[in-house]
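Q: Please take a close look at the enclosed and open spaces here, and then at the elements around them. What should I know about how they are defined and lined?

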There are 2 protein chains.
Amino acid sequence: MYLRPVIAPAPHYHTDMASLVGGLEAGGTKFVCAVGTGPDDIRAEARFATTTPEQTIRRAVDFFTEVAARTPLAAIGIASFGPLDLDRRSATFGFITTTPKAGWQDVDLVSPLAALGAVVAIDTDVNAAALAEHRWGAARGAGSAVYVTVGSGIGGGAVIDGRPVHGLVHPEMGHLRLPHDRARDPFPGTCPHHGDCWEGLASGPALAARWGQPAETLPDDHPAWDLEAHYLALGLANVILTLSPERVVLGGGVMARPGLAALVRQKLGDLVGGYLRTPMLAARIDDYVVPPALGDRAGVLGALALAGA
Amino acid sequence: MYLRPVIAPAPHYHTDMASLVGGLEAGGTKFVCAVGTGPDDIRAEARFATTTPEQTIRRAVDFFTEVAARTPLAAIGIASFGPLDLDRRSATFGFITTTPKAGWQDVDLVSPLAALGAVVAIDTDVNAAALAEHRWGAARGAGSAVYVTVGSGIGGGAVIDGRPVHGLVHPEMGHLRLPHDRARDPFPGTCPHHGDCWEGLASGPALAARWGQPAETLPDDHPAWDLEAHYLALGLANVILTLSPERVVLGGGVMARPGLAALVRQKLGDLVGGYLRTPMLAARIDDYVVPPALGDRAGVLGALALAGA
């Protein structure tokens, strides 16, 4: 048995720049563990495939146990896929809750790491990535920023005044409901919860299911990409109309497609640029919707930032 | 000519509880001017219909000039319909920009009041209402809150950690894009900018146009209300999936319809309660989506709060 440690209070993510902390990116495909003080000072790192909760969490605990035996860790940050229970008063605080990922419902991420004796902070992978991109990457200097990733799912996180956005739960932007013209696109969507939500219509697996082939194999001139840009622009429009972020970082595997980001920007400008009159949705939209600067390291770096790096 | 005054910096809305400030609610139907130190201490108030910009703003200036001749005002807050230019570096800071309201495009609200010599703070009517409900009303104690009004339009504002949300511009939640099943509801929507956005589908005028009679005259058992609750729940779902507010204040003239709020809560729970597992979207949803406590005074009280009341 152990006492649940105090969680780093939200306004003080950045404590001592020099203290060594741990970061765990808990992804649906892989787990990434790191120890360091920031992006230019990673002392140890491990990556392994996400299998069962027991096996995968055990490997992460083993990594941090081994590191901590040499150098104590001030804190460990966890950046996880979700939805998560982030309510500190809840009996299931730090659990993954209703994820569609098989076997990972109701999994306790925090307790096994808290048992090591470190302070543990946890947030969604996308909130953590937003934090990392805001601190060290493509959203530096922005008063508020949204990070959206389009890959095996769609996820979005947000940072306002340097702090990830929470409240009732946490942002779950991938499940926004969008206009879906079934005459143009009869595809019913892939989300097991909502069918044709944003993720159900526009994630990588949705592309593959709609067109009957992996998204990577669709040629650049395939009509898939115009429809994809349409849905991505619609989802971003809704995020912008709600949160009004100063910058949008748009990444993920699907966004690697050449020309897709430019098409999304064009459609987004058409959707909201006439109504919200700002150069950032018109002439300067390339400075508004930007690619990530931290690439696939945003998650684990965000975990380090959650831990106070 | 005058020098534009320093605008109250965002983190310090609440300066001196005792100082007398002015508040102007600039609405599409009426303007409300007030002077006081808070909701229980209103020293003067005036209401008049919104006509032309010249005439209406002149009446507000006259009101505050007369008051200020007796007692100097530390600041004047403006809570206005929008969209607004809230970028302090912009040449058109404090202007109403692309509103569909005839004659009110590109109208400068701040300069005429700043000419009185008071510090002027400005925000959207709905951000101000969110601030007032958070400070004195139905969202007291919530870490973050969204205020949505459904009436002659649909508008939404948000407060996080006691501060209205801004960034690129400000929230414009009324123009969210939603699923619109034209087989069930062939009505094309009333928004001059977007047709079937949230406001275009579910504002009071949209109800009237869809059913051919004023919303107030539709009987309680008319199918209009089930469809209305459907669109309101869809829009709130998108807001919650993006911003994850701790509380939602849902008001406006349309929400006065008996039974409508209960129907919205039920549909909202069905839409997101299974995925976002929290009692606030299930057993406790009556404590999550709540009616305003300040009624039609939220706007002008929010204007006072913007001015430091």
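A: Happy to help: on a 1 Å grid over the protein atoms alone, a cavity is a set of points where a 1.4 Å probe fits but cannot get out, a pocket is an open set with protein on both sides within 12 Å along at least five of seven lines, and lining residues have an atom within 4 Å of a point. This is a predicted model, where local features need pLDDT of at least 70 and side-chain atom pairs pLDDT 80 or more, while totals for chains, interfaces and linings use all residues. Residues are numbered from 1 along each chain, chains are lettered from A and ligands numbered from 1 as written, and side-chain values use heavy atoms, without hydrogens or water.

Let's start with the enclosed space. Searching the whole structure turns up 1 cavity of 30 Å³ or more (volume is the space filled by probe spheres on points joined across faces, edges and corners). The volume of this largest cavity is about 30 Å³. Around the largest cavity sit Leu24(A), Phe31(A), Ile57(A), Ala60(A), Val61(A), Leu109(A) and Leu113(A). Its lining holds 7 nonpolar residues, no polar and no charged ones (nonpolar: Ala, Val, Leu, Ile, Met, Phe, Trp, Tyr, Cys, Pro; charged: Asp, Glu, Lys, Arg; polar: the others, Gly among them). Helix H1 (residues 53-70) of chain A contributes the most, with 3 residues (helices, H or I of at least four residues, and strands, E of at least two, are DSSP runs numbered from the N terminus).

Now for an open space. The second largest pocket has a volume of about 1300 Å³. It is lined by 50 residues, and those closest to its centre are Asp125(B), Thr149(B), Gly151(B), Ser152(B) and Gly153(B). By class, this lining has 18 nonpolar, 23 polar and 9 charged residues. Among the chain B elements that each supply at least two residues to the lining of the second largest pocket are helix H3 (125-136), strand E8 (144-150) and helix H9 (298-306). H9(B) is mostly covered, with 9 of its 9 residues buried (under 20% relative accessible area; exposed is over 50%, partly exposed in between; 1.4 Å probe, protein chains only). After H9(B) comes Gly308(B), with a positive phi near 105 degrees.

Chain A has elements worth a look too. In chain A, 5 strands form an open, mixed sheet in the order E10-E9-E8-E11-E12 (strands pair if DSSP finds at least two bridges). Its edges are strand E10 (163-164) and strand E12 (289-290), each pairing on one side only. Helix H3 (residues 125-136) of chain A packs on this sheet, touching E8, E9, E10 and E11 of chain A (contact: heavy atoms within 4.5 Å). The direction of H3(A) makes about 50 degrees with that of E9(A) (axes are fitted to C-alpha atoms, for helices over the stretch in contact; angles run from 0 to 180 degrees between N-to-C directions). Strand E11 (residues 247-251) of chain A runs parallel to E12(A), joined by 2 bridges, and Val248(A) stands opposite Val289(A).

Elsewhere, strand E4 (residues 75-80) of chain A pairs in the parallel sense with E7(A) over 6 bridges, with Ala79(A) opposite Asp123(A). Of the 6 residues in strand E7 (residues 119-124) of chain A, 5 are buried.

Two single residues round this off. Ala206(A), in helix H5 (residues 204-211) of chain A, counts as buried because its relative accessibility is 0%. Leaving aside neighbours within four places in sequence, Ala206(A) contacts Phe187(A), Thr190(A), Glu199(A), Gly200(A) and Leu201(A). Lys267(A), in helix H7 (residues 260-273) of chain A, is also buried, at 17%.
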